[in-house]
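Let's take a walk through this fold together, one region at a time. Have the sequence and the 3D view ready, and follow along as the pieces come up.

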Amino acid sequence: MEAHFWKDKLAPLVERDLLIREGLLQRGVLNDTYHKEMEKVHIENARKLKALIDAYGFPVLSSAGEPGVKLAWLIIHHAISLPDFMQDCLIEMRLAASQDDFPKDLLAYSEDRIRFFEGRPQLYGTNSDWQKGELKPTAIEDEGQVNLRRKSMGLAPLETFTSSSMERPPKDPDSKLKEFEAWLKRTGWRP
């Protein structure tokens with residue numbers, strides 16, 4: 001299979017995701033909740049990607065090229081309402097990365113995101129959330145070793161992290177936190 005197959009199949013899905021996101025951002029509602037419209041797109045995209053994976057195998061550098069892998073990864077990264085799908089993909093990423101067939105930096109982002117949703121500290125410091133009005137990394141396991149782990153994944157030191165997000169903090173952080181906790185249970189990330 002040609003690498004452009006993955007790009008051709010996945011680029012329209014990612015474009016739609018980004019278009020919806022931009023619309024919600026412009027309406028000023030992106031950070032107040034996990035918007036149902038955004039969640040719907042993320043779930044639809046993940047289901048389409050899963051069907052492709054079932055038919056053609058997991059997209060890795062040797063089969064999908066870097067553009068195809070990055071598009072697939074973004075869909076997986078946004079599939080937060082489908083924990084089983086994300087966890088299955090993480091296993092595939094780990095296997096491929098161990099054979100230098102998947103970008104280690106993208107694996108690090110996926111590891112951290114899944115750990116965050118599971119309620120565990122992240123390993124690489126790639127996951128951030130709003131804390132007292134500032135976008136900061138969430139809890140990190142053995143923070144003294146984070147830069148060694150980051151280096152092993154091709155990431156810059158954590159101290160270089162700067163918030164350049166165009167997004168704003170949620171209007172009502174307490175309400176968003178309650179909604180997030182209910183969402184974690186509803187989706188199966190937490191008991």
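Two strands are taken as paired if DSSP finds at least two bridges between them. With that in mind, and remembering that this is a predicted model, start at the strands. Strand β1 (residues 128-131) and strand β2 (residues 134-137) run antiparallel and are joined by four bridges, so they pass the requirement of at least two. If you look across from D129, you will find K136 of β2 standing opposite. The two strands form a hairpin with two residues between them. One residue to pick out in the turn is K132, which has a positive phi of about 50°.

From the hairpin, move to F116, which lies in helix α5. Setting aside residues up to four places away in sequence, F116 touches N127, D129, T138, F180 and R190. D129 is thus a meeting point in our tour: it stands opposite K136 and also touches F116. For a sense of scale along the chain, the C-alpha atoms of F116 and D105, eleven residues apart, are separated by 17 Å.

Now for the aromatic rings. A pair of them is described by the distance of the centres and the angle of the planes. Searching the whole structure turns up eleven aromatic pairs. In one of them, F116 and F180 lie 5.8 Å centre to centre with 20° between the planes, and the pair is stacked; the label applies because planes under 30 degrees apart count as stacked. This pair links distant parts of the chain, since F116 sits in helix α5 (residues 104-118) and F180 in helix α7 (residues 173-187), 64 residues apart. Is each ring's residue buried or partly exposed? F116 has a relative accessible area of 18%, so it is buried, while F180, at 24%, is partly exposed. Both belong to one aromatic cluster, formed by Y34, F116, F117, F180, W183 and W189.

Next, turn to the nonpolar interior. The largest nonpolar core has 45 residues, and those touching the most other members are L10, L49, F58, F85, M93 and F102. Two or more residues come from each of α1 (3-26), α2 (36-56), α3 (61-77), α4 (83-98), α5 and α7. Of these, α3 gives the most, with eight residues. F58 makes a good place to zoom in: leaving aside neighbours within four places in sequence, F58 is in contact with I53, S63, I76, C89, E92, M93 and F102. There is also a second, separate core of five residues, including I20, L24, L30 and V41.

Finally, see how some of the helices pack. The axes of α1 and α2 come within 10 Å and cross at roughly 170°, which means that α1 is roughly antiparallel to α2. Many residues make this contact, among them F5, W6, L10, I20 and L24 of α1 and M38, V41, L49, I53 and Y56 of α2. For α3 and α5, the axes come within 11 Å and cross at roughly 5°, so α3 is roughly parallel to α5. Here V69, K70, W73 and H77 of α3 meet L106, Y109, S110 and R113 of α5.

How values were computed
Residues numbered from 1 in each chain as written. Predicted model: local features only at pLDDT ≥ 70, side-chain atom pairs only at ≥ 80, totals over all residues. Heavy atoms only, no water. Phe/Tyr/Trp six-rings, centres within 6.5 Å; stacked < 30°, edge-to-face > 60°. Buried < 20%, exposed > 50% of the residue type's maximum accessible area, 1.4 Å probe, protein only. Core = buried A, V, L, I, M, F, W, Y, C linked by side-chain atoms within 4.5 Å. Contact = heavy atoms within 4.5 Å. Axes fitted to C-alpha atoms, helices over the stretch in contact; angles between N-to-C directions. Parallel < 35°, antiparallel > 145°, perpendicular 65-115°, else oblique.
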